[in-house]
Amino acid sequence: MYFGACYYPEHWPEERWEKDAKLMYEARFNVIRLAEFAWGKLEPSEGEFDFSWLDRAMNVMRQYGIKFVLGTPTAGPPKWLMDRYDAYQRDLNGQVRGFGTRKHYCMNHPDFHRCTERIVTQMAQHYGALTDVLGWQIDNEFGVCDTARCYCDHCLQAFKVWLQQKYDTIDAVNEAWGTVFSSQMYRSWDELHLPTYSVHPHHSPGLAIDYRRFASDSIVDYQRLQLQILRKYAPSHLITTNTMGKFNQLDHYDLNKELDLCALDVYPNMKSDPKARPSYMAEQLDITRGFKGGQNFWITEHQSGSPGAVVLYPTPVPGEIRRWTYQSIAHGADAIMYFRFRTLPYSIENLWHGILQHHGEPGRKFEEVKQIGQELEQLAPLLAGTSPQAKVAMIRCFDNEWSLELQPHMEGYEYIKHFETYYNYFYDRGITVDIVSPEASFGHYELLVAPNLMMAKDETVQSLYRYVEEGGCLIMDFRSGAKEMSNQITQKRLPGAFRDLLGIGIEDYGIIEASQQIGMRDLKSGEVSAAKKWYEVIDILDLDSAAQPIAVYTDGYYRDTPAATRRAHGKGCAVYIGTAPDQDGLYRLLDQLVEETRVKTDFAHLPDGVEAVIRKEAGAGGRELLFIINHSFSEVSVPLSSGYRDVWTNQAVSGPIELAAQDIRVLLLSS
Amino acid sequence: MYFGACYYPEHWPEERWEKDAKLMYEARFNVIRLAEFAWGKLEPSEGEFDFSWLDRAMNVMRQYGIKFVLGTPTAGPPKWLMDRYDAYQRDLNGQVRGFGTRKHYCMNHPDFHRCTERIVTQMAQHYGALTDVLGWQIDNEFGVCDTARCYCDHCLQAFKVWLQQKYDTIDAVNEAWGTVFSSQMYRSWDELHLPTYSVHPHHSPGLAIDYRRFASDSIVDYQRLQLQILRKYAPSHLITTNTMGKFNQLDHYDLNKELDLCALDVYPNMKSDPKARPSYMAEQLDITRGFKGGQNFWITEHQSGSPGAVVLYPTPVPGEIRRWTYQSIAHGADAIMYFRFRTLPYSIENLWHGILQHHGEPGRKFEEVKQIGQELEQLAPLLAGTSPQAKVAMIRCFDNEWSLELQPHMEGYEYIKHFETYYNYFYDRGITVDIVSPEASFGHYELLVAPNLMMAKDETVQSLYRYVEEGGCLIMDFRSGAKEMSNQITQKRLPGAFRDLLGIGIEDYGIIEASQQIGMRDLKSGEVSAAKKWYEVIDILDLDSAAQPIAVYTDGYYRDTPAATRRAHGKGCAVYIGTAPDQDGLYRLLDQLVEETRVKTDFAHLPDGVEAVIRKEAGAGGRELLFIINHSFSEVSVPLSSGYRDVWTNQAVSGPIELAAQDIRVLLLSS
Amino acid sequence: MYFGACYYPEHWPEERWEKDAKLMYEARFNVIRLAEFAWGKLEPSEGEFDFSWLDRAMNVMRQYGIKFVLGTPTAGPPKWLMDRYDAYQRDLNGQVRGFGTRKHYCMNHPDFHRCTERIVTQMAQHYGALTDVLGWQIDNEFGVCDTARCYCDHCLQAFKVWLQQKYDTIDAVNEAWGTVFSSQMYRSWDELHLPTYSVHPHHSPGLAIDYRRFASDSIVDYQRLQLQILRKYAPSHLITTNTMGKFNQLDHYDLNKELDLCALDVYPNMKSDPKARPSYMAEQLDITRGFKGGQNFWITEHQSGSPGAVVLYPTPVPGEIRRWTYQSIAHGADAIMYFRFRTLPYSIENLWHGILQHHGEPGRKFEEVKQIGQELEQLAPLLAGTSPQAKVAMIRCFDNEWSLELQPHMEGYEYIKHFETYYNYFYDRGITVDIVSPEASFGHYELLVAPNLMMAKDETVQSLYRYVEEGGCLIMDFRSGAKEMSNQITQKRLPGAFRDLLGIGIEDYGIIEASQQIGMRDLKSGEVSAAKKWYEVIDILDLDSAAQPIAVYTDGYYRDTPAATRRAHGKGCAVYIGTAPDQDGLYRLLDQLVEETRVKTDFAHLPDGVEAVIRKEAGAGGRELLFIINHSFSEVSVPLSSGYRDVWTNQAVSGPIELAAQDIRVLLLSS
């Protein structure tokens, strides 16, 4: 378990460093993240390098047992570089995104690539052999501040190359994008353009999705440029990059594939609805764990004060840092680095508060962090080797998210919000969920939810058929199979590739207007809830094992037709929901499905605001730790079966346990 | 009666064409619209033409009795053209509106003119002699996507020429625009500029309105360029262009003047309020009929599925396509072309649904269209020669609409919304309305409403005086006569040129704030309703036939002064309303005025959602068809005098008739 | 007392001038403002001057006893100038702000400076010796329409010079702005840039505030350019410029320092909430009086009709012009110039109504102005030498306003709105307030409020300590002392420089979310009100004279800790409020503090909508005039002690007096 903070020695007088190191030591820190953004201090002029200040800072720290995660400094390219090579991004109006903040570089700029290679090589050569460097973070928050997509000439050239590799001929591009519409055909590669400002706000869905894919690949390629250098000179160091949970401007499965582990930046208080913060953060953590198929991850930045640039988000109340810290650990974090050790007096981050206030003396947040440090000393050995284990998975697919961002179909629809209607069900029922790529293997899950899987590669389709045949319970919903990977709408009858699996046909569909009241009756309970946003008129296909309606519409011209169906197939079943039920309706459906499976939970009836998560060693009889977190500000009583031991008091715990407001209990299952 | 669809052979495999033709034949189609947007397929490289594919497609179609409306393809100029000549529009920030959609060309670009002449000449020469080409549509939806106004250098040059023709000298421009204000004078034509981005968001009203007029004229000129070629090579073909009802970025009276007939694109479901769709569509249809003084028109695109680009509008429910189709016909449509025959899988229109879904097989919408086709076979001979006949007219004037768009006077005011407060009255009372140009002849109308006629040419003023003198009842309202055609405010006492006609003076006026409650008492009934948005303090002039107050304000410093007046003059009367009454107040006033005139209706008390419209042959004893359309989703009973015969059952109909939800009855008055 | 209007002879036919002069004479006018914006008429081509038309106009006017305030015409540079020198401003996207309105020039453009010097020199030489020119207005409303800040290359160069003068070395700039953050360091002056469009919407607070200061200084410098010429050629004329009350894009203390007197443009009806207009206008007037330390001022433009460009603001009702006029005078206006004499038919100001409507004949507004003219003849001699005298002052500081505009800390926070929560208290209690610079001398005030004084120069800090020591009562509130003048956050413990004065420490703080309910209990009354927006956790320091809590929080983790404190120090006291109380809470606190001081008022319990203001001669026994203004539309009864005489009837007045709706009473205290 790593425990520490982000620390920027270049921001503080050298004579201060030792005091900070002592405070860290006092708080049981064993790691700091540093040097990302320090390009200008490391290479003050082109080709002139200065690592001496960083070496001195690290020397001070290592005397107190602190180890290092080094950031490559490429997120903060200095002015001399940006100006000399005009490496600035262009926005979709062609406007230069000028100097003054960060991340303003074009990912496809050849000179920027060259400069990147030079600084990363220098750093890697300098630090690659050190044993107290745990690892590296490449760049910082790829895509933040809407920087994932640039519209400059370098990007246009790179896009052409990308398309040539994908399509070979310009005619294949024309075919895929359907440029015959409105005479948009390209006669040659020269005529290609980026999806920039035009008469209509929207470009062809084909062009638009390919540009998103290209931009994502550009980031992955740019990361690989750095990765290869680090692998060469720092072969024993771990390599990661920090990500932002739901952020969707790049495909994070691709981004994390070649890294050693994933990392997340955790800022719960940036979520505006206070009630929603616990489930929101749980989701970010589960998303991150899913970027590398369920592997534990690092928290590279963790809220330790009120975040904010020009307005502040809420200040963590006493006990709140501790609460979020344990939530992160419960969901699979093996390192916690608070952002930042001390609040900066200057720059646009001078309201982004850290552990120490601006004056630099320890206060209540420091004391809280210190307490956590002490607790973790005891907990760390038990945590080693454990991770969350899920019987349920949800597919989050960037291709579909992009496609639905480009054409959301319904006013106010967002892929991730729809995704969350399912996620929140499992969160509320205390059921751990893996959030996985459509290319993951699903065999070990009891239940698999694939929201709005409009497009899917053949392998994914086959994998889903196989999943059901072999006994899985698959839940799909509206628009499944409606698109090709090209972002064209399928010319097959709906639901396209999933027609046979689901045993249904869909000829007719449309939006449910906000002013309309369309009911949906659950056939098991007879209860009626609301169908929202979208309807599909479902025909049951005449198959050997025919689908059965499990809910019907109670209004509209499609009244009494199925709103949801369930088809037994092979050893498993395939469920289809043709609308977006309201929360009551969705929970009712899912409760029935969960009941049928071996997905069960002791925690389906937790008090409001209480979260329960299990980390386990793999394999039967592995160590199992239960985290109970009271996110509420009231005392709660949590029902519990016997057989647990409190990891800190080492006392047996049984029966209902009382938790104070915001308190945490970590319990070891007696083996 | 023409009945068919928009069909794009270039979007589908050639081997599919025959199947489509057969389906069309099955649905009784006799026309398709095609080839607009196909420039890139017709002229793949500059000066190289290929009509062979279109010829082959037309050959397939004509075997099934289908005739053609050919679109000139200029709304979709290909990339080679746009790039070679930089024919792109500039927006008011000078930003190029790039490739990727359509309509991005500058209307005043000399090379674009040359290219237009070439392609239209080629097409006209190729198809001009064909007898199964019914006609041509020039370009597509002029001005759509905010393309009516371009701010490039070509437009600046063209604007100077336009101004020179209008004003002769730069001093006359200075005079008309009042450039002496803030030292904005131009010493020479060189100093002229377009109303582009500046310090203040608004330019001089004089410059701004002239730029709108110029831009409108540019479109009319560009259309004429094509029209002259078509007249030359296709002298026996009808020529039209498709328009968009309320769309106001160009003067549609000018646009339609030289065409053979008007055309409208009908998408009722794009109106957000479902309750308002029937009256909204009725208004669009009546507006279109007014573009050429009451002449019947074509529907070049008619909703046949859910429209939508990135979000869908509502899907037509069963029976809905039929309902809108008959509404269009009732209001004067002599051709219905559904948009589109089959839904496209690609491009930004892949959610703009047509008769067939993406998979291309007939479904419920096809069946509904087929039913209409059968019904129309019976109805068509009766329709021939009939058209709606109105006793009421409303003036819609683009000069005033533009002037009030530039200076709406009141927060939230829109000319067309104010216009609709009157229009909706007549719609609700079952009274057919013609919507006419201020230059129309008014003599045959019983009642004439001229909302917010701030500026009017001398001829219009004289025409309105004459109208009243000869027995018409004219309704004018606030700000009438307040402006000169230059968009300067008049220096005459208000209401300017209409002072003598109305017999009133206005010295004082202002907005009614949303927070204010100002009442208006109708003097006949004594009922009080609310005066909204604007007040004028009206003095009764001491004339031979003095105006009489018909309503007074009940609040404000102008309490007890007239809010509306009526003056008998000649054989007619002139009514003035100094405020915007709420619906109750306006309907009460209009009911009284309608009662005085020979405007009467049998349908003043129709059930909610039911529309009744008459199409008649001109002349006494002409054939008269009554359309009763139930726009509601309930069964209704409609009172009816006897003497009708159902056109489809051929049975006599009398007494109240029952209509199912969404049903239509077309009745022939027994002669 | 000067009384008149803004008049633009160049807008009207020369033969009209005499009629206007006669009307002015009839209304007792003795002054007009003219010639601002007339550059193009005065210098029709570069270097060619024509004052003849203006001379003729002035000749007509002076025959009727009218004197002149001449505007330098630089707010309306003609097209020939703007085009020849490309003197246009650039916005922060680098976009040229083109011709067509006004004020589009760059304040730092060398050629524009040269052209300015030439026209001002010509005017000053021509008119500088005239005795009926009372004074000059330089340019017009500096900064209006967001023109205070330009982002062109001239500004970049000028900014570098400004920074060199302030910081000497580029390293000092780096230090002050904290550019080490994210490698934003400048190696040389060449690398400097303006805070233009970038990836992140916000630049470093250091750069951002310095650019605001620089832009403000640029305007002051540009004004000085003109001022020096006027001083030279018109040494006996008064010089002013017209300002806009709360407008904050430049430092108005700096702007007015070198002028002879301040001037304000008064448009009450542009304030959207009708109820708030009286206090809003009072505040603007008091702000203006504060620009030169309490000195009387001129109203260079005064609403005399409905203002408006594209939509109208409310038309003044009968009596309203008179009401606002007396409010202006009561607060210190020594000149009233109505805007405008006659409403213009053309230009974007053709809905900006003046005394005469467009037709130019006298109407109700003219009659009202004439009545005021007659009344003022009687009042003027009594007014001479009097001015408002305040015992309370509030500090309005542009540095803090800018800093909090850049980083408002809280959603929806605005410095001036927070300022107004205090101002409105004093307005409601009938207590006259001076609004002063942080560099003013405070000694003569009983009570001093310094809202959100985050940063303060050392002299201000010392001055505030001294103020309290010598007996003043100082009220400070949250974030006081939190910043350095560089806009860095202090590294001292909070409240920074004010820690010892206030006797408190602040370690912890944060926003109060809109969804939170945090109470604040007043310890004297025990009443609970709401704490809003921000909280600070206040520790009482262990000092000789310890601070005392006067209110505590009733909720949150800081429940029962002080929300406000009061510390006796020297002969005075220092109060601190750590949150933004709701109106009840704030009024309760302030009532207690006012009670303790010698600030008292006879008018604490005025009827709703009634304002009472005193103008006095300085010194004991000086003449004292009491203005009672009924802003309401009801009759009111105002309690009054005896000893007054009505200035118009010359009758003694005592006991409660009755005022009609909107009526005014001016009373002379019997000496």
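The following conversation concerns the contact between two chains, their symmetry and one strand.

User: What kind of model is this, and how is it numbered?
Analyst: This is a predicted model, in which local features need pLDDT of at least 70, side-chain atom pairs count only at pLDDT 80 or more, and totals for chains, interfaces and linings use all residues. Residues are numbered from 1 along each chain as its sequence is written, while chains are lettered from A and ligands numbered from 1 in the order in which they are written.

User: How many residues of chain A are in contact with chain C?
Analyst: On chain A, 49 residues are in contact with 45 residues of chain C; contact requires C-beta atoms, placed from the backbone, within 7 Å.

User: Which elements of chain A give two or more residues to that side?
Analyst: They are helix H2 (39-42) and helix H4 (79-85) of chain A. Helices are DSSP runs of H or I with at least four residues, strands are E runs of at least two, and both are numbered from the N terminus.

User: What turn lays chain A on chain C?
Analyst: A turn of 120° with a shift of 0.0 Å along the axis does so, with an RMSD of 0.0 Å. That is the relation of a three-fold axis. Superposition is by least squares on C-alpha atoms of residues with pLDDT of at least 70 in both copies.

User: Changing topic, which strand pairs with E20(A) over six bridges?
Analyst: Strand E21 (residues 572-577) of chain A does, in the antiparallel sense; pairing requires at least two DSSP bridges between the strands.

User: Which residue stands opposite A:Ala568?
Analyst: A:Cys573 in E21(A) does.

How values were computed
Two residues are in contact if their C-beta atoms, placed from the backbone, lie within 7 Å.
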